[in-house]
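Student: Could you take a close look at one edge of this fold with me, and then follow the side-chain contacts from there into the rest of the chain? I would like the cut-offs as you go.

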Amino acid sequence: QVQLVESGGGLVQPGDSLTLSCAASGLTFRNYAMGWFRQAPGNERDFVGGIIWDGSRTLYADSVKGRFTISRDNAKNAVYLQMNSLKFEDTAVYYCAAGVRHSDPQSYKYWGQGTQVTVSS
């Protein structure tokens, strides 16, 4: 079965950087767009960004554009979320997902269990 396992979450201070990783198994990784989503308490799950199957194109939500970078390594079946200049409002559970179109949040169909990122002073 498809498994997506996130790691790298934690407690950081505003302005810090953090990199999340997602290890995929049970699917032909290079056939899928990969994305990151996040859900803060009391909020719906929001699309953070996505990356096309070969890594040549990415798309980001306005709230993270210029601060977050998504990359992937198809040889390792892994996708990453580099987060810089973290803000209090970035606090959320972060999920990776596999889907059909990197730019279409509705096309993601496999999900990880999430990893908590807390930005606090």
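Tutor: Let's start with strand E1, residues 3-7, where the side chains alternate: Leu4 and Glu6 point to one face and are buried, while Gln3, Val5 and Ser7 point to the other and are not. This is a predicted model, in which local features need pLDDT of at least 70 and side-chain atom pairs count only at pLDDT 80 or more, while totals for chains, interfaces and linings use all residues. Residues are numbered from 1 along each chain as its sequence is written, and side-chain values use heavy atoms, with hydrogens and water left out. Strands (E, at least two residues) and helices (H or I, at least four) are DSSP runs, numbered from the N terminus. Buried means under 20% relative accessible area, exposed over 50%, and partly exposed in between, with a 1.4 Å probe and protein chains only. The alternation fits a general pattern: in a regular strand the side chains alternate between the two faces of the sheet.

Which strand does E1 pair with? E1 pairs with E3 in the antiparallel sense, over five bridges; strands count as paired if DSSP finds at least two bridges between them. Leu4, one of the buried residues of E1, has Ala24 in E3 as its bridge partner.

E3 also leads us to the disulfide, and the structure holds one. Cys22 is joined to Cys96, S to S 1.9 Å, where a disulfide is a pair of cysteine sulfur atoms within 2.5 Å. Because Cys22 lies in strand E3 and Cys96 in strand E9, the link ties together parts that are 74 residues apart in sequence. Cys22 is buried, with a relative accessible area of 1%, and Cys96 counts as buried at 0%.

Next come the aromatic rings. A pair of rings is described by the distance of the centres and the angle of the planes. Rings of Phe, Tyr and Trp (its six-membered ring) pair if their centres lie within 6.5 Å; planes under 30 degrees apart count as stacked, over 60 as edge-to-face and the rest as tilted. The structure holds five such pairs. Tyr32 and Tyr110 have ring centres 5.9 Å apart and planes at 70°, so they are edge-to-face. Tyr32 sits in the loop between strand E3 (18-25) and strand E4 (33-39), and Tyr110 in strand E10 (residues 108-111), so this pair links distant parts of the chain, 78 residues apart. Tyr32 counts as buried at 16% relative accessibility, whereas Tyr110 is partly exposed at 28%.

Phe37 and Tyr108 make an edge-to-face pair too, 5.3 Å centre to centre with 80° between the planes. Since Phe37 lies in strand E4 and Tyr108 in strand E10, they tie together parts that are 71 residues apart in sequence. Both Phe37 and Tyr108 are buried. Ring pairs link these two with Phe47 and Trp111 into a cluster.

Trp111 brings in a charge as well: the charged end of Arg45 sits over the ring of Trp111, 3.8 Å from its centre. Arg45 also lies over the face of Tyr95, at 5.1 Å from the ring centre. A charge sits over a ring if NZ of Lys or CZ of Arg is within 6 Å of the ring centre and within 35 degrees of the ring normal.

That leaves the salt bridges. Side chains of opposite charge can pair when their charged atoms come close. A salt bridge here is a side-chain nitrogen of Lys or Arg within 4 Å of a carboxyl oxygen of Asp or Glu, and the count comes to four. Asp90 forms one with Arg38, the closest N and O atoms being 2.9 Å apart. Asp90 is in the loop between strand E8 (78-83) and strand E9 (92-99), Arg38 is in strand E4, and the two are 52 residues apart. Asp90 counts as buried at 0% relative accessibility, and Arg38 is buried at 11%.

Another salt bridge joins Arg101 to Asp104, with the closest N and O atoms 3.0 Å apart. Arg101 counts as partly exposed at 45% relative accessibility, as does Asp104 at 22%. Returning to Arg38 and Asp90, salt bridges that share partners join them with Arg67 into one network. Finally, Lys65 and Asp62 form a salt bridge whose closest N and O atoms are 3.0 Å apart, and Asp62 is exposed, with a relative accessible area of 68%.
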